[in-house]
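Welcome! Let's walk through a protein model together, beginning with the parts to read with care and then moving to a few residues worth finding on your screen.

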Amino acid sequence: MVDSISLNAYSYSGIVSGSSGKLYVPVQPGAVIYSQFDHISGVAATENNAGVSVSKIQILNSLLNQLITMRNQPKMQYEDDGSLNEDQMNSLIQNYQSQIQAEVEKAQVTGYGLAGVQPQNGTILNMTV
């Protein structure tokens, strides 16, 4: 059996959300004591249920901590201070374009390819207002 994380929402029907916003996840009975975290708690799984591994619960708890921290941080405001002139902006755009082209060529040579849509020729950034 392959130990992998499923992205199918129906495969997590054993996960129950408590009224306090904490998730209760089935784990092996011997791992209940090790699966108590800030946002997720492990509960003993039934006999026919293998449960979720403690390492996956720990990763999910860490991701939830990071999301909560990011949500509570103030949003950064971008202010154009005019520090880049037209030539510097063009140079940056050319640099990024050459990096993208190099990665596309490398992906074609190695045979791995790119996931998703191939970059198209054309305007990457429009600086007109």
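## Where to be careful

Start at the beginning of the chain: over residues 1–5 the pLDDT stays under 50, and the model has four contacts beyond four places in sequence for this stretch. Residues 7–11 also stay under 50, and here the model has one contact beyond four places in sequence.

Remember that this is a predicted model. The mean pLDDT of the chain is 75, with 67% of the residues reaching 70 or more. Among the elements, strand 1 (residues 16–17) has the lowest mean pLDDT, 56, while strand 3 has the highest, 89.

## The overall plan

How many helices and strands does the chain have? There are two helices and three strands, and along the sequence they follow the pattern β-β-β-α-α.

Of the 129 residues, 12% count as buried. The accessible surface comes to about 11100 Å², and 55% of that surface belongs to carbon and sulfur atoms. Among contacts between residues at least 6 apart in sequence, 23% join residues at least 24 apart.

## Two buried residues in strand 3

Now find Ile40, which sits in strand 3 (residues 40–44). Is Ile40 buried or exposed? Its relative accessibility is 0%, so Ile40 counts as buried. Leaving aside neighbours within four places in sequence, Ile40 is in contact with Lys22, Leu23, Val25, Ser35, Ile57, Leu60, Asn61 and Leu64. Ile40 and Tyr24 are 16 residues apart in sequence, and their C-alpha atoms are 5.9 Å apart in space.

Ser41 is found in strand 3 too. Ser41 has a relative accessible area of 3%, so it is buried. Which side chain does Ser41 join through a polar contact? The partner is the side chain of Lys22, at 3.1 Å. Beyond four places in sequence, the residues in contact with Ser41 are Lys22, Leu23, Tyr24, Val25, Ser35 and Gln36.

## Asn61 and Asp38

Helix 1 covers residues 54–72, and Asn61 lies in it. Asn61 counts as buried because its relative accessibility is 6%, and the cut-off for buried is under 20%. Not counting residues up to four places away in sequence, Asn61 touches Phe37, Asp38, His39 and Ile40.

One of those partners, Asp38, belongs to the loop between strand 2 (23–27) and strand 3. Asp38 has 57% relative accessibility and therefore counts as exposed. Its contacts beyond four places in sequence are with Lys22, Asn61 and Asn65. You can also look for Ser62: Asp38 and Ser62 are 24 residues apart in sequence, and 9.2 Å apart in space from C-alpha to C-alpha.

## A nonpolar patch on the surface

Which residues make a nonpolar surface patch of about 260 Å²? The patch is formed by Ile59, Leu60 and Leu63. You have already met Leu60, as one of the contacts of Ile40.

Leu63 lies in helix 1, the helix that also holds Asn61. At 45% relative accessibility, Leu63 counts as partly exposed, whereas Asn61, at 6%, counts as buried.

Key. Residues are numbered from 1 along each chain as its sequence is written. This is a predicted model: local features need pLDDT of at least 70, side-chain atom pairs count only at pLDDT 80 or more; totals for chains, interfaces and linings use all residues. Side-chain values use heavy atoms; hydrogens and water are left out. Helices (H or I, at least four residues) and strands (E, at least two) are DSSP runs, numbered from the N terminus. Buried means under 20% relative accessible area, exposed over 50%, partly exposed in between (1.4 Å probe, protein chains only). Contact means heavy atoms within 4.5 Å. Patches are made of residues with over 30% relative accessible area and no salt bridge: like charges are joined within 9 Å, nonpolar side chains (Val, Leu, Ile, Met, Phe, Trp, Tyr) within 5 Å. Accessible areas come from the Shrake-Rupley method with a 1.4 Å probe; for residues, only the protein chains shown count as cover. A salt bridge is a side-chain nitrogen of Lys or Arg within 4 Å of a carboxyl oxygen of Asp or Glu. A polar contact is a pair of N or O atoms within 3.5 Å; within protein, one must be able to donate a hydrogen and the other to accept it, and residues adjacent in sequence count only if both atoms are side-chain atoms. pLDDT is the predictor's confidence in each residue, from 0 to 100.
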